[in-house]
Amino acid sequence: MEIQANRMDLGFLKHQSEYEEAALRVLRSGWYILGKEDEAFEKEFGEYHGCYCAGLASGLDALWIGIKMLGIGEGDEVIVQGNTYIASVMGISINGATPVFTEPDEYAQIDVEKIEEKITPRTKALMVVHLYGHVCDMTRVQEICKKHHLYLIEDCAQAHGATWRGQKVGTFGDIGCFSFYPTKNIGAFGDAGAVISHSKEIIDQAKVYRNYGSRKHYYNEVVGANSRLDEMQAALLRVRMKYIDEITAERKALAAAYEKGLHNPKVRMITQRPESSSVWHQVVILVEERDRMIEYLAERGIKTIIHYPIPPHLSEAYAYLNVAKGSLPITEKYANSVISIPLYCGMTKQEQDYVIDAINSFA
Ligand SMILES: *Cc1c(COP(=O)(O)O)cnc(C)c1O
């Protein structure tokens, strides 16, 4: 059997006529950037979170523009977990601020007990990344931010609709940053992103900034950027968002079946913290002999992905930060042992059982 790590076509096919209708509506409208669809999406995505929302061109843009709107820049430090996708870190460094890495816990989320030791007089913000769709102890995170007067930034690119004690991620702090890259739980059909906030002012500023710093054509208030959510992606995302509960439920059921089925002592599956509700962007297993496991699965037609093989502090891009190898041992251990196993909406029981049996038979 051939099993892909991810399938982007199945989610589309399940509601094909609705996506096609939305796409045709935009094509025939004669209006393609910043219009009714964008406005409607922002309203709907904002209301879903009880926040204001600005649609942007990507998740990275949501991070760096959001951080810029908080006034964070050169000379400032932002604490972020070491085990994240490099875009989290670029959102900080693009603004001239310095990323300061901290270690993850056993759930692969930021270790809330190790945050405070990283705080200096220059620390302006804490970024938590809801990696793999999981959630850390957000109550503790809020306490730390309040105590030390730090902005709280949430990278929700992998965690649309995930909750801590019933509250949705992205709503705990100053800004919540979302990506709708096609492989994300809520994926567009191209690049797209959004920033949400309880502050109307921050979102207003982001909307000005994304459009060359203008509210009105050819009247520019600030030096901005071009980072608009186009009408096509907004219309398609409105369809995707109608099914967020269905998407999340399916991912949760698949994750639960993995959790129940996997019983190889050589494998530990990263799970969710009590009191949180993960949306399972990935099911990640930790395996000491990772290369051999990946090869073993590949021989059986099972594709896997490593999220992520090189932690940002060891990437060439961040060599200038001079964070030595070995200085973030837990982060580095994750980088050396994680494997994301196949998980996608539309995965059949037969496919999943095949993957479970293969992993369990690895000796
Ligand atoms: C995907 C992702 C991003 C970046 O999103 P893009 O839309 O690709 O720019 C940022 N942070 C995390 C954790 C991600 O997974």
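**View 1. Gln158 and its neighbours reach the ligand with polar atoms.** An N or O atom in the side chain of Gln158 lies 2.8 Å from an oxygen atom of the ligand. This is a predicted model, so take every distance here as computed from that prediction. Asp155 joins in too: its side chain puts an N or O atom 2.7 Å from a nitrogen atom of the ligand. With Leu60, it's the backbone that does the work, as one of its polar atoms is 2.8 Å from a ligand oxygen. How much of the ligand's accessible area does the protein cover? On its own the ligand has 380 Å², and the protein covers 92% of that.

**View 2. The ligand sits in the largest pocket.** Two helices give two or more residues each to the shell around the ligand: H4 (59–69) and H5 (86–93). H4 gives the most, with 3 residues.

**View 3. Here's the whole shell, 14 residues surrounding the ligand.** The closest are Gly59, Asp155, Gln158, Ser179 and Lys184. What kinds of residues make up the shell? The split is 7 nonpolar, 5 polar and 2 charged.

**View 4. Now for a pair of rings, Phe41 and Phe180.** Searching the whole structure turns up 11 aromatic pairs, and this one has ring centres 5.5 Å apart. The ring planes meet at 85 degrees, so the pair counts as edge-to-face. Where do the two residues come from? Phe41 belongs to helix H3 (residues 36–49), while Phe180 is in the loop between strand E8 (175–179) and strand E9 (193–197). With their positions 139 residues apart in the numbering, the pair links distant parts of the chain.

Definitions and conventions. Residues are numbered from 1 along each chain as its sequence is written. This is a predicted model: local features need pLDDT of at least 70, side-chain atom pairs count only at pLDDT 80 or more; totals for chains, interfaces and linings use all residues. Side-chain values use heavy atoms; hydrogens and water are left out. A residue is near a molecule or strand if one of its heavy atoms lies within 4 Å of it. A polar contact is a pair of N or O atoms within 3.5 Å; within protein, one must be able to donate a hydrogen and the other to accept it, and residues adjacent in sequence count only if both atoms are side-chain atoms. Accessible areas come from the Shrake-Rupley method with a 1.4 Å probe; for residues, only the protein chains shown count as cover. On a 1 Å grid over the protein atoms alone, a cavity is a set of points where a 1.4 Å probe fits but cannot get out, and a pocket is an open set with protein on both sides within 12 Å along at least five of seven lines; lining residues have an atom within 4 Å of a point. A molecule sits in a cavity or pocket if more than half of its atoms lie within 2 Å of its grid points. Helices (H or I, at least four residues) and strands (E, at least two) are DSSP runs, numbered from the N terminus. Ala, Val, Leu, Ile, Met, Phe, Trp, Tyr, Cys and Pro count as nonpolar, Asp, Glu, Lys and Arg as charged, and the others, Gly among them, as polar. Rings of Phe, Tyr and Trp (its six-membered ring) pair if their centres lie within 6.5 Å; planes under 30 degrees apart count as stacked, over 60 as edge-to-face and the rest as tilted.
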